[in-house]
Amino acid sequence: MEQVDAIDTAPPAEGNARREELKELMLQGLWKNNPSLVQVLGLCPTLAVSSTFTNALGLGLATLVVLVSSNLAVSLVRNLVPKDIRIPIYVMIIAALVTSVQLLMNAYTYGLYQSLGIFIALIVTNCVIIGRAEAYASKNPPLLAAIDGFMMGLGFTLVLLVLGGLREIIGMGTLFDGADLLLGDWARSLRIELFHADASLLLAILPPGGFIGLGLLIAAKNAINDRLGRKQAADKAHCAVPAPGARATQL
């Protein structure tokens, strides 16, 4: 009877553990271990390409696709690759995937391909991708590796979008400018002119504006973490203090 009860309770426990692991992967990629705000990796494309929302979206999606694909491929071959040569093999896998993405962008989004230029090929050297391949994908099964790549890529893309949107608004007074380069001619109607700027604010558009914007985003994240930490500490302290008039019982 005890064996039957143990078997019946095993699947729910395993399901709960899996849900907790998926939740942790999501939190790691989007907030706790965000590639741009916490690890501060991939600064070259983050600062150079995020001058507009469209450029940020294009590079973010390309990086996300490469992250998911490379994590999945590395996880599939993790038991077949000798440890001594694993890094060169991971780089070859990433380079092949980046080349495929580059050719697809050249074929279907040529305007955006020209706008991003060499930064598409530089995805190969992005420390986020090789870092996740070495730290997570090479040690975990394919499904979890793919989810980790998706969450890390999504966190990286969201930071690019926020930074690109802010720089475009402050620098040019527009949003979704050049969306037709990524989505087609119908996307010209998405362009929003928030205010008319006689001359663009170069500080926001050039890389120094990216440094300032990224620094402000990191500061905002740290402030939110500090506030949440103080709130949790206060809640724990409140729970630890006995209520007035309460008597301690001895067992």
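A polar contact is a pair of N or O atoms within 3.5 Å. Keep that cut-off in mind for the view of Ser 70 below. One more thing before we start: this is a predicted model.

**View 1. How sure the predictor is, from one end of the chain to the other.** Averaged over the chain, the pLDDT comes to 86, with 89% of the residues at 70 or more. Compare the elements and you'll find helix α3 at the top, with a mean of 95, and helix α1 (residues 2-32) at the bottom, with 73. Residues 1-10 have a pLDDT below 50, and apart from near neighbours in sequence this stretch makes 0 contacts in the model. Where pLDDT is low, don't read the predicted coordinates in detail.

**View 2. Ser 70, tucked away in helix α3.** Ser 70 sits in α3, the helix that spans residues 53-76. With a relative accessibility of 0%, Ser 70 counts as buried. So what does its side chain reach at 2.8 Å? The partner is the backbone oxygen of Val 66, and 2.8 Å falls inside the 3.5 Å limit for a polar contact. Look past the neighbours within four places in sequence, and Ser 70 also touches Ile 94, Leu 97 and Ile 129.

**View 3. Arg 132 and Asp 148, a salt bridge between two helices.** The structure has 6 salt bridges, and here is one of them: Arg 132 with Asp 148, whose closest N and O atoms are 2.9 Å apart. Arg 132 belongs to helix α6 (residues 127-135) and Asp 148 to helix α7 (residues 142-172), so the pair links distant parts of the chain, 16 residues apart. Are these two charged partners buried or exposed? Arg 132 is buried, at 11% relative accessibility, and Asp 148 is buried as well, at 1%.

**View 4. Arg 191 and Asp 177, a salt bridge between two loops.** Here the side chains of Arg 191 and Asp 177 meet at 3.0 Å, N to O. Because Arg 191 is in the loop between α8 (180-183) and β2 (192-193), while Asp 177 is in the loop between β1 (174-175) and α8, the pair ties together parts 14 residues apart in sequence. Arg 191 is partly exposed, with 41% relative accessibility. Asp 177 is partly exposed too, with a relative accessible area of 28%.

**View 5. Arg 188 and its acidic partners.** Arg 188 and Asp 180 form a salt bridge through their side chains, at 3.7 Å from N to O. Which residues make up the network of salt bridges here? They are Asp 180, Asp 185 and Arg 188. Arg 188 itself is exposed, because its relative accessible area is 55% and the cut-off for exposed is over 50%.

**View 6. Phe 53 and Phe 176, ring against ring.** Searching the whole structure turns up 2 aromatic pairs. The ring centres of Phe 53 and Phe 176 are 5.0 Å apart and the planes make an angle of 80°, so this pair is edge-to-face. It links distant parts of the chain, 123 residues apart: Phe 53 comes from helix α3 and Phe 176 from the loop between β1 and α8. Phe 53 is buried, at 18% relative accessible area, whereas Phe 176 is partly exposed, at 25%. Phe 176 has another feature to check: its phi is positive, about 65°, although the residue is not a glycine.

**View 7. Tyr 110 and Tyr 113, a pair within one helix.** For these two tyrosines the ring centres are 6.1 Å apart and the planes are at 25°, so the pair is stacked. Both residues lie in helix α5 (residues 110-116), 3 residues apart, which is about one turn of the helix. Tyr 110 is partly exposed, with a relative accessible area of 45%.

**View 8. Val 40, a loop residue with positive phi.** Val 40 is not a glycine, yet its phi is positive, near 55°. You'll find Val 40 in the loop between α1 and α2 (43-49). At 36% relative accessibility, Val 40 is partly exposed.

**View 9. Two cysteines and the disulfide count.** How many disulfides does the structure hold? The count is 0. Cys 44 is partly exposed, at 46% relative accessible area, and Cys 127 is partly exposed at 43%.

Conventions
Residues are numbered from 1 along each chain as its sequence is written. Side-chain values use heavy atoms; hydrogens and water are left out. A disulfide is a pair of cysteine sulfur atoms within 2.5 Å. Buried means under 20% relative accessible area, exposed over 50%, partly exposed in between (1.4 Å probe, protein chains only). Helices (H or I, at least four residues) and strands (E, at least two) are DSSP runs, numbered from the N terminus. A polar contact is a pair of N or O atoms within 3.5 Å; within protein, one must be able to donate a hydrogen and the other to accept it, and residues adjacent in sequence count only if both atoms are side-chain atoms. Contact means heavy atoms within 4.5 Å. pLDDT is the predictor's confidence in each residue, from 0 to 100. A salt bridge is a side-chain nitrogen of Lys or Arg within 4 Å of a carboxyl oxygen of Asp or Glu. Rings of Phe, Tyr and Trp (its six-membered ring) pair if their centres lie within 6.5 Å; planes under 30 degrees apart count as stacked, over 60 as edge-to-face and the rest as tilted.
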